[in-house]
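New to this one? Here is a short walk through it, taken a piece at a time.

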Amino acid sequence: MRILILGATGGLGTGLAQALQGHELLLSGRKARELQALAERVGGKALPADLTDELEAQALLAEAGELDMLLHAVGLAARSPVRDTGRDLLERMLQTHFLSAAFLLKHARFRQGGRAVFFGAYPTYVQVPGFAAYAAAKGALEWYLEAARKELRREGVRLVLVRLPAVATGLWAPLGGPPKGALTPEEAAQKVVEGVLREPPPEVLEV
């Protein structure tokens with residue numbers, strides 16, 4: 001399969017790249033040096049890009065060509081009380097989790113039976129004090145996908161929303177580290193790959 005992994009240098013993205021070795025892997029992220037090193041390790045091709053810029057996202061997807069699968073493993077987390085949350089944080093959350101996904105779906109081209117995989121969140125994990133901005137961005141993504149899948153299904157493209165428990169990645173660094181019992185990136189990636197490769201793929205995959 002021809003597979004594009006976005007956010008490939010993050011913990012989950014790297015785990016996905018390792019789990020999918022043997023396929024034709026296209027790896028994207030903003031850290032060009034780390035991306036190239038990962039591509040060499042897993043036999044993939046590095047395509048650096050900032051997905052929050054629509055023109056960069058469009059150029060990336062034009063170079064990627066027709067895909068069998070796309071995995072949107074980008075992420076940003078921050079704790080901020082409602083009364084202290086500035087516009088800049090709100091915009092970064094929406095750009096990272098929602099707008100980048102919208103740009104990908106707008107410009108991606110898929111082979112028949114292709115699937116696009118995005119990562120949401122269990123509501124009880126994120127609808128808590130200090131995480132309103134993060135919860136809002138994830139919520140926007142989930143509702144967008146719910147409507148978009150009805151359109152893209154007519155083109156033979158399946159959208160999969162994955163909800164993961166805590167995964168021990170660098171995303172937790174600003175929050176003091178991952179909680180006890182968090183999955184390793186490798187464990188999470190394996191569960192995701194097994195789930196999204198089912199036939200037919202689930203609309204929502206809860207790990």
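What follows looks at helix pairs, salt bridges and a few single residues.

One thing to know at the start: this is a predicted model.

**Two helix pairs**

Let's begin with helix α4 (residues 87–107) and helix α6 (residues 132–152). Their axes are 8 Å apart, and they pack at an angle of about 15 degrees. An angle under 35 degrees counts as roughly parallel, so that is the word for how α4 runs to α6. The crossing of the two is right-handed.

Which residues of α4 meet α6? On the α4 side you'll find Leu90, Met93, Leu94, His97, Phe98, Ala101, Ala102 and Leu105. Their counterparts in α6 are Ala133, Tyr134, Ala137, Lys138, Ala140, Leu141, Tyr144, Leu145, Ala148 and Leu152. Sorted by class, the contact of α4 with α6 has 16 nonpolar residues, one polar and one charged.

Now go back towards the start of the chain, to helix α1 (residues 11–19) and helix α2 (residues 32–42). This pair packs at an angle of about 20 degrees, with axes 10 Å apart. With that angle, α1 and α2 are therefore roughly parallel to each other. The crossing of α1 and α2 is right-handed. From α1, the residues Thr14, Ala17 and Gln18 take part, and they meet Leu38, Arg41 and Val42 in α2. The class tally for the contact of α1 with α2 is three nonpolar, two polar and one charged.

**Salt bridges**

Side chains of opposite charge can pair when their charged atoms come close. How many salt bridges are there here? The count comes to eleven. Three of them, including the one between Arg2 and Glu24, are set out in this table.

| Pair | Closest N and O atoms | Citation |
|---|---|---|
| Arg2 and Glu24 | 2.2 Å | |
| Glu54 and Lys106 | 2.8 Å | |
| Arg163 and Glu142 | 2.8 Å | |

Take Arg2 and Glu24, whose closest N and O atoms are 2.2 Å apart. Arg2 lies in strand β1 (residues 2–6) and Glu24 in strand β2 (residues 24–28), so the bridge ties together parts that are 22 residues apart in sequence. Is Arg2 buried or exposed? Arg2 counts as buried, at 15% relative accessibility. Glu24, at 40%, counts as partly exposed.

Then there's the bridge where the side chains of Glu54 and Lys106 meet, at 2.8 Å from N to O. Glu54 is in helix α3 (residues 54–64) while Lys106 is in helix α4, so this pair ties together parts that are 52 residues apart in sequence. Glu54 has 25% relative accessibility and counts as partly exposed. Lys106 is exposed, with a relative accessible area of 58%.

The side chains of Arg163 and Glu142 also meet in a salt bridge, again described as 2.8 Å from N to O. Since Arg163 lies in strand β6 (residues 158–163) and Glu142 in helix α6, the pair ties together parts that are 21 residues apart in sequence. Arg163 counts as buried at 15% relative accessibility, and Glu142 is buried with a relative accessible area of 16%. There's a further partner to look for: salt bridges that share partners join Glu142, Arg163 and Glu206 into one network.

**A few single residues**

Where does Leu25 sit? Its place is in strand β2. Leu25 counts as buried, at 3% relative accessibility. Leaving aside its neighbours within four places in sequence, Leu25 is in contact with Ile3, Ile5, Ala17, Leu20, Val42, Gly44 and Lys45. Of these contacts, Ala17 and Val42 have already come up where α1 meets α2. As for Ile5, its C-alpha atom is separated from that of Leu25 by 7.5 Å, and the two residues are 20 apart along the chain.

Next is Thr169, found in the loop between β6 and α7 (185–196). Thr169 is buried, with a relative accessible area of 16%. Not counting residues up to four places away in sequence, Thr169 touches Gly11, Leu12 and Pro185.

Last stop: Pro200, in the loop between α7 and β7 (204–206). The peptide bond leading to Pro200 from Glu199 is cis, with omega near -10 degrees.

Notes. Residues are numbered from 1 along each chain as its sequence is written. This is a predicted model: local features need pLDDT of at least 70, side-chain atom pairs count only at pLDDT 80 or more; totals for chains, interfaces and linings use all residues. Side-chain values use heavy atoms; hydrogens and water are left out. Axes are lines fitted to C-alpha atoms, for helices over the stretch in contact, and angles run from 0 to 180 degrees between N-to-C directions. Helices (H or I, at least four residues) and strands (E, at least two) are DSSP runs, numbered from the N terminus. Angles under 35 degrees count as roughly parallel, over 145 as roughly antiparallel, 65 to 115 as roughly perpendicular and the rest as oblique. A crossing is left-handed if the near helix is turned anticlockwise from the far one by less than a right angle, and right-handed if clockwise. Contact means heavy atoms within 4.5 Å. Ala, Val, Leu, Ile, Met, Phe, Trp, Tyr, Cys and Pro count as nonpolar, Asp, Glu, Lys and Arg as charged, and the others, Gly among them, as polar. A salt bridge is a side-chain nitrogen of Lys or Arg within 4 Å of a carboxyl oxygen of Asp or Glu. Buried means under 20% relative accessible area, exposed over 50%, partly exposed in between (1.4 Å probe, protein chains only).
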